[in-house]
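Please look through the sequence and the structure shown below before reading on. The report that follows takes up how two parts of the chain meet and then turns to a metal site.

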Amino acid sequence: MTNVHWHPVLRAKKLRKKPVQVMFEGEKLAVFRTKDGIAAIQDRCPHRSASLSGGRVVGGSIECPYHGWRFDGTGICTHIPLAEGAPSNRRVRAWSAREAHGLIFITHDAQAAGDIRGPVWDDQPKVSRILQSHAHATVADAVENVLDPIHTLFVHKGIIRGGGGPTNRVTLIAGIESGELVLRYSGEEQSNGLLSRLLERQRSYAISRFYRPGVVSLEYWGKNGLNLVTTLYFTREDDTHLRGFAVMTGPRQGGLGWLKAALFVPLMRIVIKQDLKIMADATANWDAAGRPPHAQGPLDLLYPLIQRVLDGETGDVAVQEITLDI
Ligand code: FES
Ligand SMILES: [Fe+2]
């Protein structure tokens, strides 16, 4: 399995005429629009190191705000002011960049990365919303946080689960299929929390997936198809800082979907804020302690599976099952 992927770095609507700086795996990139598409190049001018993203776009090139050198989307210097016949051996690093699913994706190698895998959906008319956030966490910890049902009883008490009333006996089946973590939940026709009660039609089952480089897909299926899909993309700014995008998709249901989105998005914002707060606290403690290995409890079956997927191990892992009253 290749280690080359597409990584979302920005919401497409945040990229207009002005270049935008993004952090990606410890490097600063200047992202900008050209007439041919999207460009992403090293955000440091080789001349005197000014940030190119502070400049403007001129005829398909970005112009350095310091002395006006220009670089095109492939990173080649196309112009040095007052010196005709710019030396074309001056260049900066460039990434491939594309706009898809409301996001800007980048990769080191577009050919090796293949197609951009977007959020799943069936053929119902849909409503989509995107939220963007920053997390202080590793990819493994953030992915586990999204997939883990137990923290919902504490961190999101009342919103996702733990809202009083009867609990459900939920069976959780996890395994790895084709390098992808697949998690099936059954026995939870409706989660015992505000979010599900307000917004969900009756659920038949839920499937969650995790695949590289850092994508979690939460799919809630009802009798007539998908009730809701939340796709979370985590892009590494560095080891412990992530840029997160949550793409939420629901059926339009003749307009009712818009109303549901209007309720769902603010609730999701609260949920995300709760997760970001506890993860930032935990990551800071873990970092200060010299990054010790996590203690694993009897119900922590996901963490080793997440690690395997992140490491790109291709062998299937037989399903493991736990039952929880939540
Ligand atoms: S620093 Fe960019 S042109 Fe001089
Ligand atoms: Fe959470």
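Between domain 1 and domain 2 of this predicted model, 6 residue pairs are in polar contact, with both residues of each pair at pLDDT 80 or more. The two domains also share 1 salt bridge, and a salt bridge is formed by the side chains of glutamate 25 and arginine 236, with a distance of 3.7 Å from N to O.

As for where these parts lie, the chain is divided into domain 1, covering 7–113, and domain 2, covering 126–325, and their C-alpha centres are 34 Å apart. Contact between them involves 14 residues of domain 1 and 11 residues of domain 2.

The size of an interface is often given as the accessible area lost when the parts come together. The table sets out values for the two domains.

| Item | Value |
|---|---|
| Distance between the C-alpha centres of domain 1 and domain 2 | 34 Å |
| Area buried between domain 1 and domain 2 | about 1100 Å² |
| Share of that area from carbon and sulfur atoms | 61% |

On the side of domain 1, the residues that lose the most area to domain 2 are Pro8, Arg11 and Met23, which together account for 40% of what that side buries.

Which protein atoms hold the iron ion (ligand 2)? Its donors are NE2 of His151, NE2 of His156 and two OD atoms of Asp275, at 2.1 to 2.3 Å from the ion. Along the chain these donors follow the spacing H-x4-H-x118-D, and both histidine 151 and histidine 156 are buried. The angles among the 4 donor atoms run from 59 to 147°, and the site is irregular.

Conventions:
Residues are numbered from 1 along each chain as its sequence is written. Chains are lettered from A and ligands numbered from 1 in the order in which they are written. This is a predicted model: local features need pLDDT of at least 70, side-chain atom pairs count only at pLDDT 80 or more; totals for chains, interfaces and linings use all residues. Side-chain values use heavy atoms; hydrogens and water are left out. Donors are N, O and S atoms within 2.8 Å of the metal (3.2 Å for Na, K and Ca); water is not among the atoms, so sites may look incomplete. Four donors count as tetrahedral if all angles lie between 85 and 135 degrees; four count as square planar and six as octahedral if opposite donors are over 155 degrees apart and all others between 65 and 115; anything else is irregular. Buried means under 20% relative accessible area, exposed over 50%, partly exposed in between (1.4 Å probe, protein chains only). Domain bounds come from an automatic or database domain assignment. Contact means heavy atoms within 4.5 Å. Buried area is the accessible area (1.4 Å probe) that two parts lose on being put together, summed over both. A salt bridge is a side-chain nitrogen of Lys or Arg within 4 Å of a carboxyl oxygen of Asp or Glu. A polar contact is a pair of N or O atoms within 3.5 Å; within protein, one must be able to donate a hydrogen and the other to accept it, and residues adjacent in sequence count only if both atoms are side-chain atoms.
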